[in-house]
Amino acid sequence: MSDDRPRLIILKDALANLAPALPALRQSFDLIEVDDLPAAQKILEHPLGSFVLWNQSESTELASDMAANGASTVLQHIGEGVLVVDRAGSIVWADKRFRSLDEPTRSRLASLCHSTIQYYNAPSSPIIARHSGDSRKPRRYGIDIGERFFELVVSPQSYESAGASPSSSSAVATASAVTCVVGVLWEATVAHKLQEKLLAIDAAGSELLRLEPAAIAKLNMGERLKLLEDKIVRTVKELLKFDNFEVRLIDPHSGRLELVIAVNISPLKIGEVMYARPEGNGISGYVASTGKSYLCPDVQNDPLYREGLDNAASSLTVPLFLHEKVIGVFNVESFQPGAFDDNDRMFAEIYGRYIATAMNILNLLVVERFTTNEQIAQNVLSEMNAPLTDLVTEIESISKKPDCSPEDLAAWLEKLRHIATLMRARVKSCTSGSRTVLLAEQDLKQSLAGTSFAGKRILVADDEPAIRETLTQLLRNIGCVV
């Protein structure tokens, strides 16, 4: 008996039913045949782990014995279903669970096992030396059958050897053909649907964060928020299947939960406010302050609940996290009691992170536009100060000499034209600049160039005020004394 392989203890009464699968089992286990349950119990007292396969009629007695021992693992069934298929595609043997499946499903699975035999025996299939228990590797499949999803693992069971037998200890490789395979299957419909839902949420979240510059360049902040809101509403309704929900963000200055998006949920009454606090501010206030999701199966018997949806029966509220900080809440309500479960909570939490990130991007755009406009206004006022002063001076000069000659009038008009041109050029200079992150990065690198001039005293002389001021500002930015 090998010390590094698990033991499979089989009651002799079960051997007849398991005969077709025994060769495959011997590839993975050391098989031990026993006459009765006490003999199996005695073997299980050995320190090495063991498995027991027994008849269904004896399961209660053995389970009781094993519960008392507590140190062994009991294997009542292998997988959700087992079948043995020969080279002709016929089902040689199958367990009760497999036989309980409908005929189309059984045929589909048997056909897949048959195809696997053909794959093993194809000329291009790698031939592996079959000695000391070596064999072709099992193949795993995922199969959609109607609304159900199965996973199937197919392993070679027996071979038609051209030379030495598969169990031979000879080191000589033999090109043996697979004559029979064992398929072990289990239903994974729930896990498969969960995985598909998670992938769909991830795709929807990525779409939520995709803001094309060309699409939003001409939109004001209200229009950008409406664009983002439309994407969120569509995804929440179509993918998450939530019909009544709201998104609230925390005001960083006051701590109030401000309503940003609402679908079928009434806003607070006039004069009512809600804060990110654990008490007196409803479930949303509790979630925003604690960062913990809250499932409310019955709003009528929950003291934290504050009315949102008319005639609501249950609710789900999750925090919106941004860099592990709560910036708001995503609240969903239903007319049905107990409408939400842990899967809904998980989906809402995952999509909530995308909502938080998208809201933050929009907030950054608002701050960027406000800051940029403010800076532009200051730059324009600074640049326009000198030419405006010149303009006022020239106008005053003209007003003081109403009887000026045509030559003087022409000269003044030329000066005014020059001042107007200069003003236009300065306004254009102030409003130009980087329009993308990459260009901003290039401007930043250029502004940092020549820092070896830091601390140098430099004289700037030019007859154009704009040139003097521009050079002065540039040189001072890199540390020069101008």
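In this predicted model, tyrosine 119 is partly exposed, its relative accessible area being 37%. The adjoining residue in the numbering, tyrosine 120, counts as buried, at 2% relative accessibility. The rings of tyrosine 119 and tyrosine 120 form an aromatic pair of the tilted kind, with 5.9 Å from centre to centre and 55° between the planes. Tyrosine 119 also takes part in a contact of another type: arginine 139 lies over the face of its ring, at 4.1 Å from the ring centre.

Tyrosine 120 belongs to the buried residues of helix α6, which also include Thr105, Leu109, Ala110, Cys113, Thr116 and Ile117. These residues lie on the same side of α6, because they cover an arc of only 130° around the axis. The helix itself comprises 19 residues, from 103 to 121. From its first C-alpha to its last, α6 reaches 27 Å, close to the 27 Å expected at 1.5 Å a residue.

A search of the whole structure for aromatic pairs returned 4. Besides the pair on α6, tyrosine 286 and tyrosine 294 form an edge-to-face pair, with 5.8 Å between the centres and 75° between the planes. Tyrosine 286 is partly exposed, at a relative accessible area of 24%. Tyrosine 294 has a relative accessible area of 19% and is therefore buried, the cut-off being under 20%. An arginine over a tyrosine ring is also found at residue 277: arginine 277 lies over the face of tyrosine 275, at 4.2 Å from the ring centre.

The largest nonpolar core contains 31 residues. Those that touch the most other members are Ile232, Phe242, Phe245, Phe330, Tyr351 and Ile355. Two or more residues are given to this core by each of the helices α7 (189-209), α9 (221-238) and α11 (342-400), and by each of the strands β9 (245-250), β10 (257-263), β12 (314-322) and β13 (325-334). The greatest contribution to this core comes from α11, with 9 residues.

The surroundings of phenylalanine 242 were examined with its neighbours within four places in sequence left aside. On that basis, phenylalanine 242 is in contact with Val236, Lys237, Leu316, Phe330, Val332, Phe340, Asp344 and Ala348. Phe330, one of these contacts, is likewise among the core residues that touch the most other members.

Apart from the largest core lies another, of 19 residues, including Val85, Leu101, Ala110 and Ile145. Ala110 is also one of the buried residues of α6.

Note on methods
Residues are numbered from 1 along each chain as its sequence is written. This is a predicted model: local features need pLDDT of at least 70, side-chain atom pairs count only at pLDDT 80 or more; totals for chains, interfaces and linings use all residues. Side-chain values use heavy atoms; hydrogens and water are left out. Helices (H or I, at least four residues) and strands (E, at least two) are DSSP runs, numbered from the N terminus. The expected span of a helix is 1.5 Å times one less than its number of residues. Buried means under 20% relative accessible area, exposed over 50%, partly exposed in between (1.4 Å probe, protein chains only). The arc is that of the directions from the helix axis to the C-beta atoms. Rings of Phe, Tyr and Trp (its six-membered ring) pair if their centres lie within 6.5 Å; planes under 30 degrees apart count as stacked, over 60 as edge-to-face and the rest as tilted. A charge sits over a ring if NZ of Lys or CZ of Arg is within 6 Å of the ring centre and within 35 degrees of the ring normal. A nonpolar core is a set of buried Ala, Val, Leu, Ile, Met, Phe, Trp, Tyr and Cys residues joined through side-chain atoms within 4.5 Å. Contact means heavy atoms within 4.5 Å.
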